[in-house]
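User: Please take a close look at the nonpolar core of this protein. Which residues and elements build it?

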Amino acid sequence: MLLRLLNLLLKAGAISLPFIFFSTFVTPTVAQTSQPGAEILSQTTVIEITGVKVNPKDDGVEIILQTSKGDELKVENLSTGNSFIADIPGARLRVAGDTFCQDKPIAGITEITVINQANNTIRVTVVGETSLPKVELFDDTEGLIFTATPQQQTSQTPQPEEKPEASTQDNEPIELVVTAQKTEENLQDVPVSVTPIGAREIEDAGITNIQGIANNTPNFTVLSSAGGRFNTFYSLRGLSNSNFLSRSDTVSFYIDDIPLEGGLNIDQELIDLERIEVLRGPQSTLYGRNAQAGVVNIISRKPTNKPEVRASAGYGSYNARDLQLSLSDAIVPDKFFFRLSGGYKARDGLGKNTLTNESLGEQSSLSGRGQLLWTPSPEWTISFNAATNYNNDGGFAYASTTSKNRYDAALNESGNIQLTDNSQALKVTYDNANFRFTSITAHRNSNQDSIGDGDVSPTDFFRNENNFSTNIWSQEVRLQSPSDANQFRWLVGGYYESKDVNYLELYKFTPISQAFFGAFDTRRVAAESSGNIYAAFAQVDYKPIQPLTLTAGLRYESANTTLSRSNNFEVGGVAVAPAGQTFVDAETSSNVLLPKIGLEYRFNPNLMAYASITRGYKPGGLNYRADVPGSLKFAPEKSWNYEAGLKSSWFDDKLIANLAVFSNQLDNYQAALPDPITGFFSSITNAGASINGTEFELRARPANGLELSAGFGYTNAKYNNYSNPLTSISYNGNRLPYSPEYTFNLAAQYRTAIGLFGRLELQGFGSYLLDDANNIKQEPFVLVNARVGYEKDNYGIYVYANNIFDARYITSGFEFPPPNVIATFGAPTIVGVQVRANF
């Protein structure tokens, strides 16, 4: 037999080892034709492959192609990148579905596929996790045997990942790893619309906050005010947090497994990040906290097993200062590790209070994070994270939408906003050959104090002093199949959350307002709310045949909330008269079942289609500002979500293109209502809405050093059953607030072998409305950003410019009082310089 002959020649010294193992695998019996460069492999008959076996071994995996008579097969080498590819001419695969596929048979091998090609040819593909696996071929009485060995074996005790900085100089394939389904997988294997952003891209794009993430993600918009950070509005697939009274999120934000409170504290500085994942669509059967619109998962860099120092410093427009530092090392080598990260960011105000001549909109942030990681054995990993963040901002300027200087305002009180936030999380994981167990215990405490001009006008009518504080404890547990499970994967979990919220709103009257309210000097609204969530969730993925995966999931969730509130006029701090309704231990509760079904079909290793139907849900609650009879309780928001998508890769994974279409039908959409006379928000109502849209993403590496990325999202989000209960005006057909009709993001960057770097970005937004009545509108606009730099060894210096053409856009807008429109605006042109170093 041919392979035996090769072995004899090898022993005799007639041929050398590199001849057999060039590119780390054997290529037997290639006959040359008279035409240079052509390879012809011929067989007189078509051999049937009757079965495929995959047997894990101590140092690799064995793939057996079974033939009915032990026929000899011939192989043509087509390997590229980290994929061993072998074509076998003169053969056909005769198994169920005519395709064989197995994901992650062993550590270091991500996928094995055997498929039929044209002209009676079979293709065998073995994909290595980080590099091309070593593959040897052997003839056997059963058929042909491939033994694949990963080039990088993992050590017996898990250690922190020490990933080198990604390079684009070698025009490597695009490989994006995500944990969207609680298992590390290639992006192209995940049947979910997800945008991943890796560590290198985070630095190249200068992403330091949630808005930076959104600007690089289709159908995700975060509208951060250029002034004080008080309440940041966002929208994902048309669902926003415009109902800020409910203090309930449509999107779940996580930093290192710790949930954030959207709107209140998402607009904090992000430091020392490893990667970001944005999942679009309901996520209820894999995550502890339910997410109706999607999940933003932010993962910081992990502790390392050797000393590491990372530092950066920047300076820019408006006296902007930015410093970051992180340190990491092993306390006990291979067992116990730490990481410390800190950041400081500040700038002067963008505008001026024309009444007091004070600055408006200055910002300052301090942030820190500490991590401990312990790996006492190969099965156990224990980590503890603690983080803190402090924002100290000047007041924000509400200006007319047509104001010449959008950052100036005439105010009696310039204002101040302070946010203190701290969090802790203990994560314990156990991973063996039969199952994986994860426990996450998390705590977050936030406190926001603000002072401002209540009437946002030159008339000294009243001042605001507000305090909002939240305290959240959560416990999540998951039990799931091992990471190498293929045909049948499963996950079951439970979640508990306890949330306490305190609200204090003080309206300080002046002599002008006392003419309307009498001798009262203050109106005090004080509320205490507490709530609990109990949930159980499960999901299974089953492959009846190798190309097809069926998914079924279910979540049961029970939520309850209690609220006590007082609303009084005061004189000298003493309540003297009621100013509105008072509640004592008002209660509401809800229970819901949230199913999910889906399917995934892989046509070949480079093309996959998926579809899903998922129930979305946001709990009901109690309105702490309720003063209108019947407005205390609002109903749970529910939806049916339909999604289908395609994921594809081309040109040896140098190009990936993904498409998703979705439809979301909502019942009891929760909308905040302004008073028709004052414009003050104090009511919540429920309405019907419909959202349809699509997303397209593309990433390419067409040449050494050149990277291209593009994303486009379209959303048609409208009310279909909404009559304002305060005015009886129908809003049917109106667009949902804070939901752009479309978004797009384009980026091109080039990194040369001599260290030069350049990046150009275009981030576009279609028109969006800022109120349910659709009276306040932002027309389409485009942000243009650029960054150039020089990199050498472990350091780099960069010059950047954001919003180069000074696009003017509204980030929040209200009729206050109607029909007068006031608004805040996004940041102007910002230029600066940054230096980074890693040791």
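Analyst: **The nonpolar core**

The protein holds 5 helices and 53 strands; these are DSSP runs numbered from the N terminus, with helices (H or I) of at least four residues and strands (E) of at least two. This is a predicted model, in which local features need pLDDT of at least 70, side-chain atom pairs count only at pLDDT 80 or more, and totals for chains, interfaces and linings use all residues. Residues are numbered from 1 along each chain as its sequence is written, and side-chain values use heavy atoms, with hydrogens and water left out.

Of the 839 residues, 56% are buried, that is, under 20% relative accessible area with a 1.4 Å probe, protein chains only. A nonpolar core is a set of buried Ala, Val, Leu, Ile, Met, Phe, Trp, Tyr and Cys residues joined through side-chain atoms within 4.5 Å. The largest such core has 44 residues, and the most contacts inside it belong to Leu245, Leu563, Tyr624, Leu632, Phe781 and Phe814. At least two residues of this core come from each of β33 (488-509), β37 (583-604), β43 (681-703), β49 (781-792), β51 (810-815) and β52 (821-825). Strand β52 supplies the largest share, 3 residues.

Phe814 may be followed outward. Neighbours within four places in sequence aside, Phe814 is in contact (heavy atoms within 4.5 Å) with Phe233, Tyr398, Phe681, Tyr738, Ile776, Asn820, Val821 and Ile822. A second, separate core has 37 residues, among them Leu236, Ile255, Ala671 and Ile691.

Across the protein, 66% of the contacts between residues at least 6 apart in sequence join residues at least 24 apart.

Notes:
Buried means under 20% relative accessible area, exposed over 50%, partly exposed in between (1.4 Å probe, protein chains only).
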